Amino acid sequence: MIYLDNAATTKVFDSAVRAAETAMLTDYFNPNATYKSAVAVNNSIENSRSIIANAVGADKEELVFTSGATESNNWVFYCGIKNHKGNIVISAGEHSSVYEVAMQLKNRGKDVRIAPLLPCGTVNEDALMSLVDENTALVSVIHVSNETGVINPIKNIATAVRQKAPKALIHSDGVQSIIKLGMPISGLGVDYYSASAHKVGAPKGIGFLYIRRGLNVSPFIVGGGQERGLRSGTQNTPYIGAFAEAVSRCEKYDRSRIIALRKELCDYFTCNGFKVIGENNNSGFILCLCVPNIKAEILQNIVHDKGVIIGKGAACSGSKRGNRVLSAMGLKPEEIERCIRLSFFVDTSRDDAFAAAKIITDACQKR
């Protein structure tokens, strides 16, 4: 089986599985208890926090563990806004865990403004800034599109927003960018940054919210006061350890190899009549294609039976018709229904990728 849907989730590294297993079978003590074995487990959590923080370019005190980026994004929108009477600005390219919570707030009377996308897939920065004013409370722009892999210039956006709206808070969904871009969060100029571990070789159900040092935030989940009172609930020790192990593994891989592989695949598919969506300024880990002659869902099933797994957009919106992000880029409905998403991870091999590409092109040419 050749797996090319890593933007949906990645296979867990064997070493990350072992780290979680050790925590579950041996170091299973509640990290909030006061006896020595429990204190040792708490120390392991802090060690994992340090490993992850160093890898993503943040201070360990700025990372709060959550169940994943959906929780982190909801936390920002429901509890992380200071000016409750201010407006909220997001891009049309946001993941549903940002877009839908923003729409909920809009339905409750909040002034929510949506900046359009350029045809290339990045947010229209001029349009975004025209929506920002002195009463803007929050600006949220995804770092790397989960649909196309295009990179938004978060640092430039943050600088421009702070000049126009100094009191506005800035958030970015970094699910498809952590580790993969090698950009330190601390250098982006954001107040909040969300991440999920299952995109980098760790289990589902663990992630973090970066909260800039010095920013006071109300907790989203209250209870026993874990995570310095910011996120109550007994910490998911096994998955935190697995997250740290996966991050350590990812750092050892050559990211430039994946970028070069995607470029080769772009050339191959273009020569075979495919249209690349989001070709430029791409992370290198996602390749969105409009395929000839066949609907994406049919193609997905055909190649699956031949041992290749591909995506046709964000997995979380797989049951919905159309594609909000691709539509915002200007694609026609008939193009959208022919779009597939190939996504890679640090261990994707060139041989597997091109074997899959041959199966995909053959399937399209036979229609």
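Here are three short exercises with worked solutions on a predicted model.

**Exercise 1. The seven-stranded sheet**

Task: Work out which strands lie at the edges of the open sheet of seven strands, and which helix packs on that sheet.

Solution:
- Step 1. Begin with the strand order, which reads β2-β8-β7-β6-β5-β3-β4, with mixed pairing.
- Step 2. Look for strands that pair on one side only: these are β2 (63–66) and β4 (112–115), the edge strands.
- Step 3. Follow the twist, which averages 20° from one strand to the next.
- Step 4. Zoom in on one pair: β3 (residues 87–91) and β5 (residues 136–140) run parallel and are joined by four bridges. Within this pair, Val89 has Val139 of β5 as its bridge partner.
- Step 5. Now add the helix. Helix α3 (residues 69–79) packs on the sheet and touches β2, β3, β5, β6 (169–173), β7 (192–196) and β8 (207–211). The direction of α3 makes about 160° with that of β7.

**Exercise 2. Two helices that cross**

Task: Decide how helix α1 is oriented relative to helix α7, and which residues make the contact.

Solution:
- Step 1. Find the helices: α1 covers residues 14–25 and α7 covers residues 237–250.
- Step 2. Compare their axes, which come within 8 Å and cross at roughly 155°.
- Step 3. Angles over 145 degrees count as roughly antiparallel, so α1 is roughly antiparallel to α7.
- Step 4. Check the handedness: α1 passes α7 in a right-handed crossing.
- Step 5. List the residues in contact. From α1 come Ser15, Ala16, Ala19, Ala20, Ala23 and Met24. From α7 come Thr237, Pro238, Gly241, Ala242, Glu245, Ala246 and Arg249.
- Step 6. Sort the residues of this contact by character, and you get eight nonpolar, three polar and two charged.

**Exercise 3. The three-stranded sheet**

Task: Describe the open sheet of three strands and find the helix that packs on it.

Solution:
- Step 1. Read the order, β9-β10-β12, and note that the pairing is antiparallel.
- Step 2. Mark the edge strands, β9 (275–277) and β12 (339–343), each of which pairs on one side only.
- Step 3. Add the twist: here the average is 35° from one strand to the next.
- Step 4. Look at one pair in detail. Strand β10 (residues 286–290) runs antiparallel to β9, and three bridges join them. Val276 has Leu289 in β10 as its bridge partner.
- Step 5. Finish with helix α8 (residues 255–271), which packs on the sheet and touches β9, β10 and β12. The direction of α8 makes about 10° with that of β10.

Notes. Residues are numbered from 1 along each chain as its sequence is written. This is a predicted model: local features need pLDDT of at least 70, side-chain atom pairs count only at pLDDT 80 or more; totals for chains, interfaces and linings use all residues. Side-chain values use heavy atoms; hydrogens and water are left out. Two strands pair if DSSP finds at least two bridges between them. Helices (H or I, at least four residues) and strands (E, at least two) are DSSP runs, numbered from the N terminus. Axes are lines fitted to C-alpha atoms, for helices over the stretch in contact, and angles run from 0 to 180 degrees between N-to-C directions. Contact means heavy atoms within 4.5 Å. Angles under 35 degrees count as roughly parallel, over 145 as roughly antiparallel, 65 to 115 as roughly perpendicular and the rest as oblique. A crossing is left-handed if the near helix is turned anticlockwise from the far one by less than a right angle, and right-handed if clockwise. Ala, Val, Leu, Ile, Met, Phe, Trp, Tyr, Cys and Pro count as nonpolar, Asp, Glu, Lys and Arg as charged, and the others, Gly among them, as polar.
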